[in-house]
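Dear colleague,

I am passing on the structure we spoke about, and my notes on it follow directly below. Please read them with the coordinates open.

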Amino acid sequence: MRVGMLDLAAEYALQAEEIKAAALGILESGMYVLGAPVEQLEKSLAAYVGSEHALGLASGTDALILSQKAMGVGPGDEVITGSFGYFASASTTAHCGGRPVFVDVDPVTFNLEPEAVEAAITPKTKAIVAAHMFGLSADMDAINEIARAKGVKVIEDAAQAIGAEYKGRKVCSIGDAGIVSFYPTKNLGAAGDGGMVFSDDKELIDEVRVLRFHGERIRYFHDTLGTNSRLDAIQAAVLNVKFKLLDDKNNRRREIAQRYNEELKDVVGVPVEPEGYHHVYHAYTIHVPERDKFREYMIDKGVGCAIYYPLPLHKQEAFGYLGYTNGTLPVSEKLAEEVISIPVCPTLTDEQVEYVIETVKGYFA
Ligand SMILES: *Cc1c(COP(=O)(O)O)cnc(C)c1O
C-alpha cells in the first residue's frame with residue numbers, strides 16, 4: 001500500500017463537476033481579477049470566521065505583509081513571532097522594513113509561549129504574529145492580554161488553521177487582524193495562490209484595500225506605495241465551491257487524528273488538543289527520537305512523511321543579520337530535530353489510516 005502526504009487530485013475529484021463549471025464560468029465572463037466571486041468569498045469567509053471584514057489577496061504572504069504595513073510596521077519597529085514555524089511569518093516583517101524578533105514556543109502545542117512574548121516586548125515592539133501551528137490555535141487570551149497591556153497589535157497567522165477554534169471562537173476573529181492562505185495544500189486550497197486578511201477594524205481593512213491596488217485611493221493617483229496583490233476571480237470561484245466542504249474535510253482530518261492518537265499515544269509523542277480548543281490538523285506532527293531513521297523506514301514502507309520544519313527561523317541564513325546564535329531558543333532548536341508529520345489529508349481511506357498506524361507501530365516493535 002502507498003499513502004501519500006496529500007492527494008490534491010483526489011480532493012478535486014470530490015467536487016470536480018462543480019469546480020469545472022465555476023472555473024469555466026469565469027473564463028467565459030471576461031472578468032478575471034477581483035469582482036463578484038471574490039466579494040462572495042470575502043463575505044462568506046468573514047461570516048464563517050466571525051470577522052466584520054475580509055479582503056482577498058494574492059497570497060497568505062501578501063496578507064501578512066499588507067496587514068503589517070497597514071498597522072504601520074516599518075524601519076525601527078520590532079515584530080515578535082515564534083522561531084519554530086514557517087518562514088513567511090517572520091520574513092514579511094523584514095519586507096516591511098521591520099525587525100523580526102524570535103521567541104521560543106511551547107514544546108507540546110508548538111505555539112507561542114506567552115511568557116516569552118511578554119519578555120521580548122520592548123518600546124520598539126509594534127506587533128505580534130501568532131501563528132496557529134499545524135491547525136491548533138495559539139493561546140489567544142494570554143497573547144491579547146499582553147498585547148493590550150503594552151499597546152501592541154496582534155496578527156493571527158491562520159494560514160494552517162482555517163476553521164480552528166479557541167474557546168468557541170474561530171481563529172482570525174480574535175486578534176486585531178487574521179490571515180489565511182489558499183495555497184493548494186492548505187485546508188482550504190485554491191488551484192493556485194491566494195490569501196485573505198480579516199479584521200473588525202474597518203480603517204485597517206480599508207488601508208489593506210488601498211495597498212493591494214498600488215496605493216490608489218483615486219484611480220491613477222497614488223499617495224502611498226502599495227503593490228499588486230489581488231485575488232483572481234477564477235481562484236475565488238474555485239474556493240467558493242471548495243468552501244462548502246471545508247468543515248467536512250476538517251472533521252475528517254480530526255477523525256484521522258483521533259484514530260492516530262488512540263493507537264500511537266504510547267509509541268510516539270502525539271499532538272494535543274487542549275480543553276477549549278478545536279484543532280483542524282493541517283499537519284499531524286509527532287515527536288520521534290532519531291527522526292531521520294524513522295523517516296527512511298516510513299518512506300521505504302510507502303508512507304509519505306514531511307519535516308515541518310527542519311531549521312528554526314532564528315538559524316535561517318536569511319536572518320543571519322539578526323545575530324542569533326545557537327542555543328538561544330532551545331525548544332525551537334530541539335523541535336526542529338525531532339518532529340515529523342505523517343499523512344492526515346481528508347481523502348485518506350480507513351484502510352490507509354490503519355496501514356499508517358501499523359507501519360509506525362512496526363517501527364517501534
Ligand atoms: C503557508 C503559510 C504562509 C504563507 O502563505 P502563502 O499563501 O503560501 O504565501 C504563512 N504562514 C504560515 C504559517 C503558512 O503555513
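Is Y281 buried or exposed? Y281 is buried, with a relative accessible area of 4%, where buried means under 20% relative accessible area, exposed over 50% and partly exposed in between, for a 1.4 Å probe and protein chains only.

Before going further, please note that this is a predicted model, in which local features need pLDDT of at least 70 and side-chain atom pairs count only at pLDDT 80 or more, while totals for chains, interfaces and linings use all residues. Residues are numbered from 1 along each chain as its sequence is written, and side-chain values use heavy atoms, with hydrogens and water left out.

The backbone at Y281 also deserves a look, since phi there is near 45 degrees, a positive value in a residue other than glycine. Y281 is placed in the loop between β12 (277–278) and β13 (284–287), helices (H or I, at least four residues) and strands (E, at least two) being DSSP runs numbered from the N terminus. L34, which is not a glycine either, has a positive phi of about 55 degrees and lies in the loop between α2 (16–29) and α3 (36–49). With 14% relative accessibility, L34 counts as buried. The peptide bond from Y308 to Y309 is cis, with omega near 5 degrees, and Y309 is found in the loop between α11 (291–300) and α12 (330–338). As background to these entries, most residues other than glycine have a negative phi, and most peptide bonds are trans.

Turning to the ligand, 13 residues surround it, and the closest are G60, T61, D157, S181 and K186; a residue is near a molecule if one of its heavy atoms lies within 4 Å of it. Oxygen atoms of the ligand are approached by a polar side-chain atom of S181 at 2.6 Å, by a polar side-chain atom of Q160 at 2.9 Å, and by a backbone N or O atom of G60 at 2.8 Å. Taken alone the ligand exposes 380 Å², and the protein buries 92% of that, the areas coming from the Shrake-Rupley method with a 1.4 Å probe. By class, the shell around the ligand has four nonpolar, seven polar and two charged residues, where Ala, Val, Leu, Ile, Met, Phe, Trp, Tyr, Cys and Pro count as nonpolar, Asp, Glu, Lys and Arg as charged, and the others, Gly among them, as polar.

The largest share of that shell, three residues, comes from α4. Eight of the 11 residues of α4 are buried, so this helix is largely enclosed by the rest of the structure; among the buried ones are G60, D62 and A63. At the N-terminal end of α4, S59 acts as a cap, with a side-chain oxygen 3.3 Å from the backbone nitrogen of T61. After α4 comes G72, whose phi is positive, near 90 degrees.

Finally, E255 lies in helix α10 (residues 246–264) and, at 48% relative accessibility, counts as partly exposed. The side chains of E255 and R252 are joined by a polar contact of 2.6 Å, that is, a pair of N or O atoms within 3.5 Å, of which, within protein, one must be able to donate a hydrogen and the other to accept it, residues adjacent in sequence counting only if both atoms are side-chain atoms. The C-alpha atoms of E255 and P75, 180 residues apart along the chain, are separated by 45 Å.

With best regards
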